[in-house]
Amino acid sequence: MFIDPAINMKPEPLLYNPFKALVVPRPIGWISTISSTGAVNLAPYSFFNGVADDPPCVMYCPNGSHPEGGPKDSLRNVEETGEFVFNLCNWDLHKKMNLTAEHLPRNVDEMTKSGLEPMSCNKVKPPRVAVAPAAFECRYLETVKLPIGRSGRENNLVLGEVVGIHIDESVINDGMVDISLLKPVARLGYMDYTVVTESFTMERPD
Ligand SMILES: Cc1cc2nc3c(=O)[nH]c(=O)nc-3n(C[C@H](O)[C@H](O)[C@H](O)COP(=O)(O)O)c2cc1C
């Protein structure tokens, strides 16, 4: 079958838009930010990825709007204060991560509301999730405005440079991050997730 997104994203026999079920698995950027008045915010973003490694850079996409109007807190805050933190969500944290997606009034701190202890960062103001097995301290670079959706929804890609990396040494084995210890949670399509516990190795041809 062929889909033209400008016409219909779910022609028969599809019941739902398949796009997010085909870009899989997507790592979850669990993003903490702080507003100009000091309110902490934490929310998951699965349109998230690393985009360069020297210097390390990441992106996340706060699309649509906040229920109170205007941009989502993770966009408003990063544009106001210029910093964010990526917290890695592992298997032990998946339920708490989901709690932090709740649409709450702007000044509610999802980190403490979900029972997560904040930990201060070394180089940026937003706190990190203390129990996350890894966290990146990031400086905001720019927002790329993506095309507006047919529903009028605004889409934004936020780019940041990683200026500090925290790793819980319990996930390091023989000098490498051990995926079977890290157990990162990733997003699939629909309401599905996966947890990465297996891997294989393949050398490049040259
Ligand atoms: C696993 C997961 C992934 C999500 N990914 C995105 C995403 O990539 N972009 C987005 O705009 N919203 C995404 N959401 C929804 C936001 O987390 C939700 O709108 C949140 O309330 C935004 O919070 P904020 O206004 O505090 O930034 C996701 C939710 C979950 C549970």
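Colleague: Which residues is V85 in contact with, leaving aside its neighbours within four places in sequence?

Modeller: In this predicted model, V85 is in contact with S32, C121, V124, P126, R128, A135, F136, E137 and C138. Two residues count as in contact if their C-beta atoms lie within 7 Å, so each residue on that list meets this cut-off with V85.

Colleague: And what makes a set of residues a nonpolar core here?

Modeller: The members must be buried residues of the nonpolar kinds, joined through C-beta atoms within 7 Å. The largest such core has 33 residues, and W30, V85 and F86 have the most contacts inside it. At least two residues each come from β2, β3, β5, α2, β6 and β9. With 4 residues, β3 gives the most to this core. As a general point, nonpolar side chains in soluble globular proteins tend to be buried together.

Colleague: Helix α2 is on that list, then. Which of its residues are buried?

Modeller: In α2, residues 73-81, the buried ones are D73, S74, L75, N77 and V78. Buried calls for 20 or more other C-beta atoms within 10 Å, so these five residues reach that count. They pack against β2, β3, β6, β9 and β10. Just after the helix, G82 takes a positive phi of about 75 degrees.

Colleague: Which residues come nearest to the ligand?

Modeller: Of the 19 residues around the ligand, A43, F47, K72, D73 and S74 come nearest. The elements that give two or more residues to this shell are β3 and α2, and β3 has the largest share, 4 residues. By class, the shell has 8 nonpolar, 8 polar and 3 charged residues.

Colleague: Why is D174 called exposed?

Modeller: Exposed means 12 or fewer other C-beta atoms within 10 Å. D174 has 5 such neighbours, so it counts as exposed. This residue lies in the loop between β11 and β12, and it has a positive phi of about 50 degrees although it is not a glycine.

Colleague: Why is Y190 called exposed or buried?

Modeller: Y190 has 12 other C-beta atoms within 10 Å. The cut-off for exposed is 12 or fewer, so Y190 is exposed. Y190 is found in the loop between β13 and β14, with a positive phi of about 55 degrees although it is not a glycine.

Colleague: Where are the cis peptide bonds at P13 and P25?

Modeller: One joins E12 and P13, with omega about 5 degrees; P13 is in the segment before α1. Another joins V24 and P25, with omega about -15 degrees, and P25 is found in the loop between α1 and β1.

Conventions. Residues are numbered from 1 along each chain as its sequence is written. This is a predicted model: local features need pLDDT of at least 70, side-chain atom pairs count only at pLDDT 80 or more; totals for chains, interfaces and linings use all residues. A residue is near a molecule or strand if its C-beta atom, placed from the backbone, lies within 6 Å of it. Ala, Val, Leu, Ile, Met, Phe, Trp, Tyr, Cys and Pro count as nonpolar, Asp, Glu, Lys and Arg as charged, and the others, Gly among them, as polar.
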